[in-house]
Amino acid sequence: MTVTTSAEPTVEELTVDELAARTGMTVRTVRFYAGEGLLPAPVRRGRIAYYGAQHRMRLELIRELQEHGYTLAAIERVLAHIPHDASPADFAMQAAMFTPWVPEPAEELDRAALERRAGRRLSRDDVELLVSLGVVERSGRDTFRTTPSVLGMGLELIELPVPAAVLREAADVIHEHAAAVAEGLSDVFRRGIWEPFRNGDTDQRDQLAAVVSRLRPLVVRGLVNAFGHAADRAVRRTVSDRP
């Protein structure tokens with residue numbers, strides 16, 4: 001349902017059935033998220049509850065985060081940054097800041113499914129090495145989370161004639177410096193994009209949200225390119241230092 005008056009902009013008003021249909025969820029799922037406090041309270045007229053754009057956008061973000069492997073607790077932390085009364089433009093901007101950088105959804109696999117994905121038997125040492133390299137993440141006693149591309153990369157690594165200790169040490173270096181880069185980029189985005197938006201220094205919110213979303217793959221490509229150049233320089237220095 002859409003309500004329009006000559007003095008007011010178009011406003012979404014959806015029943016719970018219409019909201020579920022619009023977001024591709026069941027009514028039961030919508031009510032579950034509402035019960036968990038992930039949705040603001042609807043507007044009630046008599047016995048009927050009406051939901052608006054803020055409810056629809058939150059449900060769409062919840063679905064996207066779930067597809068990327070976010071747990072309910074992690075989704076709650078993301079949504080905690082977005083006020084219930086955020087306007088559609090505010091929501092779009094904040095959602096763009098907090099949605100995942102990794103485009104490929106993670107899968108949850110038990111040991112048998114992990115081996116089917118790998119296409120071969122995995123020993124206990126194989127699994128422990130994949131976990132220590134950050135290729136798979138334990139989500140339970142014998143369940144794991146990973147993505148197809150990352151798993152494929154990890155399997156290629158452990159099949160190389162390279163000692164496991166060397167692979168683990170290399171992974172530690174990558175993770176340590178990746179965390180530092182992520183912290184630095186987060187600080188740049190916070191000061192250059194988020195704080196001006198929050199302080200009202202810009203009114204181009206829709207445009208900023210689109211810029212943030214587009215910026216992510218460009219930053220990733222820039223990181224890969226920068227790493228390639230840095231690795232080339234490191235190799236050249238190593239060779240030139242040889243006696």
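# A walk through the structure, starting at E64

E64 sits in helix α3. This is a predicted model, and E64 is a handy place to enter it. Is E64 buried, partly exposed or exposed? E64 counts as partly exposed, because its relative accessibility is 33%, and the band for that class runs between 20% and 50%. Now look along the chain from E64 to I75. The two are 11 residues apart in sequence. In space, their C-alpha atoms are 10.0 Å apart.

Step back to the whole chain. The protein has 243 residues, and 31% of them count as buried. Its secondary structure comprises 10 helices and seven strands. The exposed surface comes to about 15400 Å². Carbon and sulfur atoms supply 55% of that surface. Contacts often reach far along the sequence. Take those between residues at least 6 apart: 61% of them join residues at least 24 apart.

Next, go inside. In soluble globular proteins, nonpolar side chains tend to be buried together. Here the largest nonpolar core has 24 residues. V30, Y33, L59, L61 and I62 have the most contacts inside this core. Five helices each supply at least two of its residues: α1 (16-23), α2 (27-35), α3 (53-67), α4 (72-79) and α5 (88-98). Which helix gives the most to this core? It is α3, with six residues.

Y33 shows how this core is knitted together. Set aside its neighbours within four places in sequence. Y33 is then in contact with M25, L38, L39, L59, I62, Q66 and L72. Apart from this core lies another one, of 17 residues. Its members include L109, L114, L122 and L129.

Stay with the first core and turn to V30, in helix α2. V30 is buried, because its relative accessible area is 1%, and the cut-off for buried is under 20%. Which residues does V30 touch beyond its neighbours within four places in sequence? They are V16, L19, A20, M25, L39 and L59. V16 is a good one to trace. V30 and V16 are 14 residues apart in sequence, with 7.6 Å between their C-alpha atoms.

Those contacts lead to helix α1. The axes of α1 and α2 come within 8 Å. They cross at roughly 100 degrees, so α1 is roughly perpendicular to α2. From α1, the residues that meet α2 are V16, D17, L19 and A20. On the α2 side they are V27, V30 and R31.

Helix α1 also packs against α3. Here the axes come within 10 Å and cross at roughly 40 degrees. That angle is why α1 counts as oblique to α3. The crossing is right-handed. L19, R22 and T23 in α1 meet H55, R56, L59, E60 and R63 in α3. L19 therefore appears in the α1 residues that meet α2 and in those that meet α3, by the contact limit of 4.5 Å.

Now move further along the chain, to another helix pair. Helix α7 covers residues 124-132, and helix α8 covers residues 148-159. Their axes are 10 Å apart, at an angle of about 120 degrees. This angle makes α7 oblique to α8. Their crossing is right-handed. D126, L129 and L130 make the contact from α7. L151, G154, L155 and I158 make it from α8. L129 is also among the residues of the 17-residue core.

The strands come next. E108 has its place in strand β5, residues 107-110. Not counting residues up to four places away in sequence, E108 touches S139, T143, F144 and R145. T146 is 38 residues from E108 in sequence. Yet the C-alpha atoms of E108 and T146 are 6.9 Å apart in space.

One stop remains. D142 lies in the loop between β6 (137-138) and β7 (143-146). D142 counts as partly exposed, because its relative accessibility is 38%. Beyond its neighbours within four places in sequence, D142 is in contact with L109, D110 and R111. One of these, L109, also belongs to the 17-residue core. A112 lies 30 residues from D142 along the chain, and 9.6 Å separates their C-alpha atoms.

Definitions and conventions. Residues are numbered from 1 along each chain as its sequence is written. This is a predicted model: local features need pLDDT of at least 70, side-chain atom pairs count only at pLDDT 80 or more; totals for chains, interfaces and linings use all residues. Side-chain values use heavy atoms; hydrogens and water are left out. A nonpolar core is a set of buried Ala, Val, Leu, Ile, Met, Phe, Trp, Tyr and Cys residues joined through side-chain atoms within 4.5 Å. Buried means under 20% relative accessible area, exposed over 50%, partly exposed in between (1.4 Å probe, protein chains only). Helices (H or I, at least four residues) and strands (E, at least two) are DSSP runs, numbered from the N terminus. Accessible areas come from the Shrake-Rupley method with a 1.4 Å probe; for residues, only the protein chains shown count as cover. Axes are lines fitted to C-alpha atoms, for helices over the stretch in contact, and angles run from 0 to 180 degrees between N-to-C directions. Angles under 35 degrees count as roughly parallel, over 145 as roughly antiparallel, 65 to 115 as roughly perpendicular and the rest as oblique. A crossing is left-handed if the near helix is turned anticlockwise from the far one by less than a right angle, and right-handed if clockwise.
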